[in-house]
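Let's take a walk through this model, one neighbourhood at a time. Keep the viewer open and follow along.

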Amino acid sequence: MQREVMFAGFGGQGILLIGNILAHTAMEEGYEVAWVPSYGPEMRGGTAYCLVVISDRPIGSPIIRNPMHLVAMNHPSLEKFAPMVKPNGVVVINSSLIHIGSNRDDVDELLVPANDIANDLGSIKVANIVALGAFVARSKIVDFEVLRKCVQEKFSSKEKLIPINMAAVEEGKKAAR
Amino acid sequence: MGKILMKGNEAIGEAAIRAGCLNYFAYPITPQSEVAEYLSRRMPEVGGVFLQGESEIAVGNMLFGAAGCGARVFTTSSSPGISLMSEAISYISSAQCPVVFVNIVRGGPGLGGILPSQADYFQATKGGGHGDYRLLVMAPASVQEAVEMVMTAFPLAEKYRNPVMILGDGLIGQMMEPVEFPEHLRTEPSNKDDWATNGMDTRKSNKPNLVKSLFLSAELLEEHNVILKAKYDRMKQEEVRYEPYNIDTDYQALIVSFGTMSRVCRTVIDDLKAEGFETAMIRPQTLFPFPEEPIKQAALKESCKIVLSIELNMGQMVEDVERSVQGTRPVHWYGKAGGDVPTPEEVIDVIKSFF
């Protein structure tokens, strides 16, 4: 079984990072993974997205038009990618910045005010981790405990950032209830 | 050591170090600049040399000089950069120096674009530079395979005293996949005293070595080219590498595809199989030498009606596929050259249009 997750938002929102953490988590669980970034010509502050493919057998084409799930961190990325999500996929919407819905009645839409939650934790920079926590909790795409371990590992070289990021994962999980 | 998640470009840099290559000269160009970024940090850590040349032309000649002195050396670049190095590649080939080149191909011609492309197939396999020379060309289809090919490239370059080219594309360079590196470092080979200008200290004989590509007399140049040809013929005998896929079935179409495009084709073959329609693939891992005989044999299977060369360009490898199939089956080409990698669905539509 193959599952694909599109992470999308502004450059600077840490989109590539949360894709990386999810890919790492899935790899730790023994899955085949591929992380494909958008690297086309983009201006500073333009859209950034990455696709994570998780599979239990070798991954064929890593280029996917219709991902199973979407984590949209800003308005343009929801508009662009929501129509492409496969039916029954999870669509996480950062409702702090996006004031519309996915306009789909065949997906599992989850509104997470990621920026507000991150601000309450003390730094808007962890909004991406909040969204990641919410997405994993809702989709159960990987084991949440392994995700915790991988978030911690990702920040192991910047130890003072570990507590706030761990808190962000937990708050994301709560928001997914 | 377990698996780690790594970007193709960074994995290529690490693989070269682990293959025992401690000299890297390069000039940055998208989509492979992360190799230089990675090695600018990593080479000093392992006591190696990282050197950014003032241009790709300079880099090509630095590689020639270092390899001629017996150093293990490599570079990475992308299409227009390889064009600039091509004069040096011709000289290096003639002078029989082992150098590893990695081309993370971008779309062309001219400045083109930075998205995945296989438009340098001709450049890599048929020349690029002037004169009768061949590169040993390998094309990885995953980050792990890129690592393995880089590590194989150095011993092969030294075995044949010939440049080896690894032809990747933007996706292989930019994508992250799990990779595993072998534990041990390769050691320096000891066979260079016979030919390299590596100083007289270690040599048993007093005969000076000469690294050159100038042969003004017809007789000597003829002799030199015959020696080179024998080497390329030996590569054809000993170094053909390819991966068959779904080849034990009664397939109706045979696909020939390499690198990133071959991954899409693998999905195509799986999806068509689920529909009850069998297709198969020969994936060349070496583009020169080309797997002519395996493709010929696979095309001759009775169930096989057509052969398709599917490439990220406007039809280059298809000429080698036609040459291999030798008219025994109709050969068609499909591809795109703008950087937009065809989806499995697009390829399936193309295959179905022939039946």
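**A tour from one loop outwards**

Start with B:Asp132, which is partly exposed, because 13 other C-beta atoms lie within 10 Å; the cut-offs are 20 or more for buried and 12 or fewer for exposed. Bear in mind that this is a predicted model. You'll find B:Asp132 in the loop that connects helix H5 (121–126) with strand S6 (136–138) of chain B. Apart from neighbours within four places in sequence, B:Asp132 is in contact with B:Asn225 and B:Leu228. Also have a look at B:Ser90: 42 residues separate B:Asp132 from B:Ser90 in sequence, while their C-alpha atoms are 8.6 Å apart in space.

Next stop, helix H3 (residues 56–68) of chain B. A quick sanity check on its geometry works out: with 13 residues at 1.5 Å each, H3(B) should span 18 Å, and its end C-alpha atoms are indeed 18 Å apart, so the two agree. Which residues of H3(B) are buried? They are B:Glu56, B:Val59, B:Gly60, B:Leu63, B:Phe64, B:Ala67 and B:Gly68. Because these residues cover an arc of only 165 degrees around the axis, they sit on the same side of H3(B). The general rule behind such patterns is that an α-helix has 3.6 residues a turn, so residues three or four places apart point the same way. As for what covers the buried residues of H3(B), the list includes strand S2 (23–26), strand S4 (73–77) and helix H4 (79–94) of chain B. Just past the end of H3(B), B:Gly70 adopts a positive phi of about 95 degrees.

Now further along chain B, to an open sheet. Its five strands come in the order S9-S11-S10-S13-S14, and the pairing is mixed. At the edges are strand S9 (242–245) and strand S14 (331–335) of chain B, each of which pairs on one side only. Direction ignored, neighbouring strands of this sheet are turned by 20 degrees against each other on average. To zoom in on one pair, strand S13 (residues 306–311) of chain B runs parallel to S14(B), with five bridges joining them. One place to check is B:Leu308, whose bridge partner in S14(B) is B:His332. Helix H11 (residues 317–325) of chain B packs on the sheet, where it touches S10, S13 and S14 of chain B. The direction of H11(B) makes about 155 degrees with that of S13(B). Helix H9(B), meanwhile, lies across S9, strand S10 (253–256), strand S11 (279–284) and S13 of chain B, and runs at about 165 degrees to S11(B).

H9(B) turns up again where the chains touch. There, 19 residues of chain B are in contact with 16 residues of chain A. On the chain B side, helix H7 (170–174), strand S8 (176–179) and helix H9 (259–274) each supply at least two residues. The largest share, five residues, comes from H9(B). Sorted by class, this side of chain B has 10 nonpolar, four polar and five charged residues.

Finish in chain A, with strand S1 (residues 2–10). S1(A) pairs with strand S3 (residues 47–55) of chain A in the antiparallel sense, over nine bridges, and A:Gln2 has A:Ser55 as its bridge partner in S3(A). S1(A) also pairs with strand S4 (residues 69–72) of chain A, this time in the parallel sense and over four bridges. There, the partner of A:Val5 in S4(A) is A:His69.

Definitions and conventions:
Residues numbered from 1 in each chain as written. Chains lettered and ligands numbered in written order. Predicted model: local features only at pLDDT ≥ 70, side-chain atom pairs only at ≥ 80, totals over all residues. Contact = placed C-beta atoms within 7 Å. Nonpolar A, V, L, I, M, F, W, Y, C, P; charged D, E, K, R; others polar. Pairing = 2+ DSSP bridges. Expected span 1.5 Å × (residues − 1). Arc of directions from axis to C-beta. Axes fitted to C-alpha atoms, helices over the stretch in contact; angles between N-to-C directions.
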